[in-house]
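Me: I would like a close look at a single part of this structure, explained slowly enough for someone in their first year. Please start from the whole chain, and then work inward to one residue and its surroundings.

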Amino acid sequence: MVPTEEKDALREFAASLKSVPTRVLETAFRTGTPNTDRSRSTFVFGNVFLHLHSVRTHRWSLRWTTTMGLGIMSVSAFLIALVTGVLLMFYYKPYPEAAYQSIKDIHFVVPTGRLIRNLHRWSANIMVIAVILHMARAFYTAAYRRPREYNWLIGIGLLVVTLGLSFTGYLLPWDQLAYWAITIGANIAQSPREVTDALNLTDYFDPGGMQRLLLLGSDQVGAEALIRFHLLHVMILPLAIAALMGVHFWRIRKDGGMVRPADADALLTARPAESVTPVFNEAPVKTYQLAAIVRGRSAAVGRGQENTVPSMPHLFYAELGVLMVTLLACLALSLYSDAPLKELANPSIPENPAKAPWYFLGLQEMVSFSAFMGGVGIPAIVLIGLALIPYLDRETEGTGKWFGGPGGWPLVRFSALLGLGVPIILEAAVIRFGWLREWFPHIPQLIITAINPGTILTLIYALFSMWCIRRYQSTRAGALALFTCFLAGFIVLTIIGTYFRGPNWVFYWSPSDWPKH
Amino acid sequence: MTTTPAASRSRLDPEPVPRRDWLGLSSLWAAAGALLFGVTGMLKLPKAAVLASPSKKFKVTLPESLAAGEAFVPPGRAVAIYKDAQGVYAVSSICTHLGCVVKPNAEGFECPCHGSRFAANGEVTKGPAPRPLPWLKVTVAGGAITVDEATTVPQGTKVA
């Protein structure tokens, strides 16, 4: 008797050992392989990472033109930057000179270092582009409207932190480009002094000087500034962006998923036959009831689950696809173009021209008219304006449709032309004829702060937007006009700053015309 | 403690004096106060009390061959020093716009970052700079010239 028992136990042991891989996989899924409606649902809400998604996704959300995958592209770029950033921290030393040498080591000595650095740089750039385009998508489809107003605000926070991450990362190589871009950036933070100086207030009230001191930890860009930017770049801002992203994604679900037009169900074509996607069959018939209470008209409760498909696999595979495309784009760009590294930072000789990262060159162009208005005043007006949009536009026409609302695409097209034309004419005039300082050398600074090409441009855009509100009797029309104008103005100023400004910020048709020095 | 008879009150309408509310509210406000105090204290830390920057005062010897109105820039300093018949004077070469180091030229100074131009006396002639370049305090003691970058003097102050 005893030997047979032993034999059985051993056989059982061997069988268990054999089935370990299968069992591990099964226990990982907790509720079994996701191949039925029920197990796909439990797959989503039983998983701590996936349950930010709802269990089922409306077919409208999966249309390519609904989101163009821009939100997921932003997250994907962030994830690539996160992984490559952690890898770069193995070798990076945040101390002047040592920082420069370590970046040089990463670029030329460390195995795969150059690729990782390039990936980090390109993913950061793609993230900025994707975040801006994602915002434009949300705006043009009027996705910010009830009940998604607050998520729009979170999105603006994410835009600001994204730009902050880019800017703080720019100093870390401690080369000439970095050093002088940060000197300019820190002095933009100090630029409220332009106003307090003119009013003789700086001795009593100096918010500009305080901002600069907190940013640099010193009165010049040095070791203190580098460690602060490093801290912001690798710790404070990533934590902030992770928290904001968590809220942003969770709110998408709680606010009823992706925005869609009221007649979305009618616009969608007939459901594809089950045989079209045999791997992801719809069987068996519904065996559960979604009990979550979701705000908004989109809740499926009581109206059945028409036109929704399980998030696993339909949504997740689409998201994975966007991640792969983003990764591919980053890889291709990294192999094609290396991240720049100029000579070691030299505090007595500025880089000429000293240019910020491309997405700040529009700002730098405005800063070359007035530091305060260009660097602080107008950006603050734009951010406040963006934040107010969902609280001012409380209409319903056109929600979920591209360029929806009164005016529509013709208005957007006209605004784009106006938004492109006005800054080009204004810049051409300033480049040809100069500005107030050249005409009246002793003019008080406050007048230039108030009246410069940047503020005039903002005023023209604002007046045009007001006219649109009156003409179409709709706040949405005004918002469409203003947003399009600012986007176009941003593009024009960025292109001028990037391609047409040379040494001493003088206008040149092409870098080949720059004087040799 | 005097309370109303249990029979006249339901469990949903407990005490006339909300003792629990009072305790809850006072702990809420204590927590808010502590948070405010703590955050204020934390914000004091990043504001440096002593700035880790090199001394703003430095000694300099002008070359014999320096012509009147010609700028001498000591290595590693953003100051242009001049000598003419009336004496020695120093003009800061840090742009008042966004802090780039301006370069002395025949007419005055030019900024590489945003195109500000200054006259030889520091006045703005072109570009976004909001203020003239400040003149710095110079002391001459027996041939040794000391420049103090932290102290400005009125335009035109020359020290013999």
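Reply: In this predicted model, the secondary structure of chain B consists of one helix and nine strands, and when the chain is followed from its N terminus the elements come in the order α-β-β-β-β-β-β-β-β-β. The radius of gyration of chain B is 32 Å, well over the 15 Å that the globule rule gives for 160 residues, so chain B is more spread out than a compact globule. The C-alpha trace fits with this picture, as chain B spans about 105 × 35 × 25 Å along its principal axes. Of the 160 residues in chain B, 32% are buried, and the accessible surface of the chain comes to about 10000 Å², with 62% of that belonging to carbon and sulfur atoms. If one takes the contacts in chain B between residues at least 6 apart in sequence, 33% of them join residues at least 24 apart.

The residue chosen for the close look is B:Ala129, which sits in the loop between β7 (124-126) and β8 (135-141) of chain B. Is this residue buried or exposed? Its relative accessible area is 0%, and because buried means under 20%, B:Ala129 counts as buried. Leaving aside residues up to four places away in sequence, B:Ala129 touches B:Cys95, B:Thr96, B:His97, B:Ser116, B:Phe118 and B:Val124 within chain B, and it also touches A:Arg437 and A:Gln445 from chain A. As a distance to keep in mind, the C-alpha atoms of B:Ala129 and B:Gly108 are separated by 14 Å, with their positions 21 residues apart along the chain.

The neighbours from chain A lead on to the contact between the chains, which takes 36 residues from chain A and 29 residues from chain B. Together, chain A and chain B bury about 2500 Å² between them, and 60% of this is on carbon and sulfur atoms. A:Arg437, which touches B:Ala129, appears here again, for A:Asp219, A:Arg437 and A:Asn504 supply 20% of the area that chain A buries against chain B, more than any other three residues.

It is worth placing the partner chain as well, since chain A has 22 helices and two strands, and its C-alpha trace spans about 105 × 60 × 50 Å along its principal axes. Buried residues make up 47% of the 517 residues in chain A, and among contacts with a separation of 6 or more, residues 24 or more positions apart account for 77%.

Finally, some backbone details in chain A deserve a careful look. Most residues other than glycine have a negative phi, and most peptide bonds are trans. The peptide bond from A:Arg146 to A:Pro147 is cis, with omega near 0°, and A:Pro147 is found in the loop between α8 (113-140) and α9 (149-171). A:Ala142, in the loop between α8 and α9, is not a glycine and yet has a positive phi of about 55°; its relative accessibility is 0%, so A:Ala142 counts as buried. A:Gln473, in the loop between α21 (453-472) and α22 (475-499), also has a positive phi, near 50°, but at 67% relative accessibility A:Gln473 counts as exposed. The peptide bond from A:Met312 to A:Pro313 is likewise cis, with omega near 10°, and A:Pro313 lies in helix α15 (residues 311-336).

Conventions:
Residues are numbered from 1 along each chain as its sequence is written. Chains are lettered from A and ligands numbered from 1 in the order in which they are written. This is a predicted model: local features need pLDDT of at least 70, side-chain atom pairs count only at pLDDT 80 or more; totals for chains, interfaces and linings use all residues. Side-chain values use heavy atoms; hydrogens and water are left out. Helices (H or I, at least four residues) and strands (E, at least two) are DSSP runs, numbered from the N terminus. The radius of gyration is taken over C-alpha atoms; the globule rule is 2.2 Å times the number of residues to the power 0.38. Buried means under 20% relative accessible area, exposed over 50%, partly exposed in between (1.4 Å probe, protein chains only). Contact means heavy atoms within 4.5 Å. Accessible areas come from the Shrake-Rupley method with a 1.4 Å probe; for residues, only the protein chains shown count as cover. Buried area is the accessible area (1.4 Å probe) that two parts lose on being put together, summed over both.
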